[in-house]
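Reader: I should be grateful for a close look at the ligand site of this model, followed by the parts of the chain that surround it. Please give the cut-offs with each term.

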Amino acid sequence: MPQDYAAVLDLWHNSGPGVQVCRSDDIAEIEKKLTHDPDLFLVAEADGQIIGTVLGGFDGRRGLIYHLAVAAEYRKTGLGGALMAEIETRLRQKGCLKAYLLVTNSNEEVLPFYEKRGWEEMHLHLLGKKLAD
Ligand SMILES: CC(C)(COP(=O)(O)OP(=O)(O)OC[C@H]1O[C@@H](n2cnc3c(N)ncnc32)[C@H](O)[C@@H]1OP(=O)(O)O)[C@@H](O)C(=O)NCCC(=O)NCCS
């Protein structure tokens, strides 16, 4: 940061309905996130270009994973799986016992990707509330 920010944002904007870019992705919010757990923001590079990302978070009890994305031309070569394996390892090393991730209704086709890697669908109501304007 900040030199990679534009490329990362561009990747997210080009990742379809699975990655919903929101105000938490503004540069100031990403900087805030990086002060908390910089080692849980992974990027993959090829030829100097950013081709993959995944973000993790650990609050001391549960982990959360966000913004797994691989550039279209690099998909289905194992990179998405490798990013997931690495973020899971890092969460485990921090003492995280269980992690969650969200799949939007418009991106259900990705569910087999996660299920193959041991993620189980949880039938819960997910509630959210804005705590700041
Ligand atoms: C999901 C994503 C990160 C996977 O990255 P990847 O580098 O292709 O993943 P891998 O090469 O490690 O694994 C590919 C496997 O996942 C499956 N897969 C990945 N995305 C899929 C999708 N959208 N629909 C169906 N299958 C999918 C592939 O068929 C392949 O299956 P296989 O292991 O049986 O061959 C990538 O497709 C992507 O960036 N998608 C857009 C963003 C997105 O939806 N992110 C998830 C947010 S919840």
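Author: The account below begins with the ligand and then turns to individual residues and elements.

The model is a predicted one, in which local features need pLDDT of at least 70 and side-chain atom pairs count only at pLDDT 80 or more, whereas totals for chains, interfaces and linings use all residues. Residues are numbered from 1 along each chain as its sequence is written, and side-chain values use heavy atoms, with hydrogens and water left out.

The shell around the ligand consists of 22 residues, of which the closest are Val 70, Lys 76, Gly 78, Gly 81 and Lys 116; a residue is near a molecule or strand if one of its heavy atoms lies within 4 Å of it. By class, the shell holds ten nonpolar, seven polar and five charged residues. In this division Ala, Val, Leu, Ile, Met, Phe, Trp, Tyr, Cys and Pro count as nonpolar, Asp, Glu, Lys and Arg as charged, and the others, Gly among them, as polar. Strand E3 (63-70), helix H3 (79-93) and helix H4 (111-116) each contribute at least two residues to the shell. Helices (H or I, at least four residues) and strands (E, at least two) are DSSP runs, numbered from the N terminus.

Oxygen atoms of the ligand have N or O atoms of the protein beside them in three cases described here. A backbone N or O atom of Lys 76 is 2.7 Å from a ligand oxygen, and a backbone N or O atom of Gly 78 also lies 2.7 Å from an oxygen atom of the ligand. With Lys 116, an N or O atom of the side chain is 2.6 Å from a ligand oxygen. The protein covers 78% of the 880 Å² of accessible area that the ligand has on its own. Accessible areas come from the Shrake-Rupley method with a 1.4 Å probe, and for residues only the protein chains shown count as cover.

Lys 76 merits further description. Lys 76 belongs to the loop between E3 and H3, and its relative accessibility of 87% makes it exposed. On this scale buried means under 20% relative accessible area, exposed over 50%, and partly exposed in between (1.4 Å probe, protein chains only). Phi of Lys 76 is near 60°, a positive value in a residue other than glycine. Most residues other than glycine have a negative phi, and most peptide bonds are trans. His 67 likewise has a positive phi, near 50°.

His 67 is part of strand E3, and it counts as buried because its relative accessibility is 15%. The side chain of His 67 makes a polar contact with the side chain of Asp 25 at 3.0 Å. A polar contact is a pair of N or O atoms within 3.5 Å; within protein, one must be able to donate a hydrogen and the other to accept it, and residues adjacent in sequence count only if both atoms are side-chain atoms. Leaving aside neighbours within four places in sequence, His 67 is in contact (heavy atoms within 4.5 Å) with Trp 12, Val 19, Gln 20, Asp 25, Thr 53, Val 54 and Leu 55.

Trp 12 leads to helix H1 (residues 5-13), whose buried residues are Tyr 5, Val 8, Leu 9, Leu 11 and Trp 12. Seen down the axis of H1, these residues fall within an arc of 155°, so they line one face of the helix; the arc is that of the directions from the helix axis to the C-beta atoms. Ala 6 and His 13, on the other side of H1, are exposed. The buried residues of H1 pack against helix H2 (27-36), strand E1 (41-46), strand E2 (49-58) and E3.

Strand E2 contains Gly 57, which is buried at a relative accessible area of 14%. Gly 57 and Asp 37 are 20 residues apart in sequence and 7.0 Å apart in space, C-alpha to C-alpha. Not counting residues up to four places away in sequence, Gly 57 touches Lys 33, Asp 37, Leu 40, Arg 62, Gly 63, Leu 64 and Leu 91.

Cys 96 is placed in the loop between H3 and strand E4 (99-101), and is buried, with a relative accessible area of 9%. Beyond its neighbours within four places in sequence, Cys 96 is in contact with Phe 58, Arg 62, Gly 63 and Leu 91.

Finally, Glu 115 lies in helix H4 and, at 43% relative accessibility, counts as partly exposed.
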